[in-house]
Amino acid sequence: MKISKDASRKAAEKSFSEIQQWMQHQLLHPQFAGDYEAFVKSTSKLSAKEHMRIYQRSYIARLRDCMVAQFPALSHALGRQLFLQFADLYLLEYPSKSYTLGDLGQHFGAFLEETRPDKDAEVKESWPDFMIELANFEFLVNISFDEKADENYQKATAETKEEALQLVPVFHLLKHNFPISEYYKEAVNDRNPELPFAQESYCVLLRRDYRLGLFEIYPIQYHFLAKLKETQSIAQAKQFLINQFKVVGDELENHWQQWKTKWLEEGFFVKR
Amino acid sequence: MKQKVQELPDLGLGLGLRGEHFNHILEYKPAVDWFEIISENFMDSGGRPRYVLDQIAEQYPIVMHGVSMSIGSTDPLNYDYLKRLKKLADEINPKWISDHLCWTGVLSLNSHDLLPVVLNEESLQLITTKIKQVQDYLERPLILENPSTYLTFQQSTIPEWQFLKSMVEETNCGLLLDVNNVYVSSFNNEFDPIEYIEGLPHENIVQMHLAGHQHNGDHIIDTHDSPVVDPVWELFSLAWERTGGTSTLLEWDGNIPEFDICHAELLKAKNYMDGFKKQCIASETMQQDIQTVSNPIDFMVSNVAKDFVDS
């Protein structure tokens, strides 16, 4: 396709910076028709617009793929089409500013909160709460997989003295208003879970030997582990349960022995 | 800059290191000459990827290949990025560090694509200035790859091969010649791939890339998800002859097969090292007509959900 002398002169006047800002705008906002001929040469096979369209298509497809990879359970919960609609809007509102795709979904939970359909309603629906909790959880899973931590530890065993037990360095203790951990495991293992009703749940997300582990726990265990994480002292964690929850000492000791056996197997503890 | 491009070693035949192959490499220690990593996958890693890399780097030569330097952007260099890049290099001691002649975004945004630069005197001056800044900062030569491109700017006045040659003359940087990208770009932008390869400064070509692509009839997408096609092998043969042979690496980033299949594809390169026999590159027929993405993300995003232990 030939362009006029005037158009040719105008095209030649575009600076390096102008050209890049124009192209980036075309990627982020493909719905606005651009002056393609002023920037892009046509070939015998494709028009200037069709050449540009290859980049536009790849831009959104690549980032959509990344969002699905970072939020597989949320993608299942919303259904792929609706998830992609949310993802597209998110990418417009929060275009990536990071050199790594690992950060792409870092604001997704906040975005869902900001744009929830019942934002201004007095009575809120519960499903947006579930989606927001799930999004925040899934991003934490991504962070935990690769976060920096001292992995040069010695594993604790049944013989390790209680005073020497310490929680594994990557150890996240989580409380949710929905059964997030259970739903997540079902979804990523392709077991097609139904959307859950609200139900308080507690879980541990940890990394041992560079592998993630996810374990549901009881509320009383959550409080015990929270105190242990805070104080690094099993004695203080036990005392906390006795004081706050009126647990009888002997009963607690029985529970603790069972918890300890299970948690040692699951890799909760390293040797101090 | 202490090291010169011409002093960099010929590492032989290497493969792109991908998470899917971690266990195989650790267990079987395959006879691959070297591995190339995606720098960004390991720069901030404190988890399994970095743990595995440290083990592999003890046994194989490693080259760092980046996708986010954005040397062709009109934005200033990101020194936070460069600091992390240099730290990783200090820790794993790669044979060299490479990236692409491209930009990934402006105004502090990142498209996560390898976007084409306008090729003219203005961009040449800005890019050579930035290459010198990077080389000074990293204290080593920077190796830059020709990207696969899907458009040519109206404002481009210099052929890409000539642009690369001028860039090398001004900065003495190295080149990573991606032979598949030459083929893809030549089809999409209608230039002669043989003229392109003949015109490059061969003495500064430190490394070559090979990969598969997808032919969609009126354009080709650089998908890295299939075997290398014959016309690309022919171009490789020409490039091998002109360079006198140099470190060569196969990239396979989408639909990644088992390690042995990737390795067998890489070793086919030995069949094309005895001289360029043709005067033109054979044409290729369309393979598929589906929407595909260039530079697939599979190699840049860990499949975390599948990495859980039973719990």
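Okay, quick definition before I start: when I say polar contact, I mean a pair of N or O atoms within 3.5 Å, and within protein one has to be able to donate a hydrogen and the other to accept it. Keep that in your head for a minute. Also, this is a predicted model.

So, where do we use that definition? Look at Q135(B), which sits in helix 5 of chain B. A polar atom of the Q135(B) side chain lies 3.0 Å from the backbone nitrogen of L142(B). And is Q135(B) buried or exposed? Buried means under 20% relative accessible area, and Q135(B) comes in at 3%, so we call it buried.

Now let's move to helix 4 of chain B, residues 79–92. That's 14 residues, and the helix reaches 20 Å from first C-alpha to last, close to the 20 Å expected at 1.5 Å a residue. Which of its residues are buried? Y81(B), L82(B), L85(B), K86(B), L88(B), A89(B) and I92(B). Yes, there's a lysine in that list, K86(B). Look down the axis of the helix and those buried residues fall within an arc of 160°, so they line one face. Here's the background: an α-helix has 3.6 residues a turn, so residues three or four places apart point the same way. On the face turned away from the buried side you find the exposed residues K83(B) and D90(B).

What covers the buried residues of this helix? The cover includes strand 2, helix 2, helix 3, strand 3, strand 4 and helix 5 of chain B. And helix 5 is where we found Q135(B).

A word on the ends. N78(B) caps the N-terminal end of helix 4, with a side-chain oxygen 3.0 Å from the backbone nitrogen of D80(B). Just after the helix, N93(B) takes a positive phi of about 55°.

Last part, the two chains together. On the chain A side 64 residues are in contact with 71 residues of chain B. Between them the chains bury about 6000 Å², 61% of it on carbon and sulfur atoms. How many salt bridges are there between chain A and chain B? The count is 2. One that I can point you to joins the side chains of R62(A) and D113(B), at 3.3 Å, N to O. For polar contacts across the interface, the rule finds 25 residue pairs, both partners at pLDDT 80 or more. Several elements of chain A supply at least two residues each to the side that touches chain B, among them helix 1, helix 8 and strand 5. The largest share, 13 residues, comes from helix 4 of chain A.

Note on methods: Residues numbered from 1 in each chain as written. Chains lettered and ligands numbered in written order. Predicted model: local features only at pLDDT ≥ 70, side-chain atom pairs only at ≥ 80, totals over all residues. Heavy atoms only, no water. Helix = DSSP H or I, 4+ residues; strand = E, 2+ residues; numbered from the N terminus. Expected span 1.5 Å × (residues − 1). Buried < 20%, exposed > 50% of the residue type's maximum accessible area, 1.4 Å probe, protein only. Arc of directions from axis to C-beta. Contact = heavy atoms within 4.5 Å. Buried area = accessible area lost by both parts, 1.4 Å probe. Salt bridge = Lys/Arg side-chain N within 4 Å of Asp/Glu carboxyl O.
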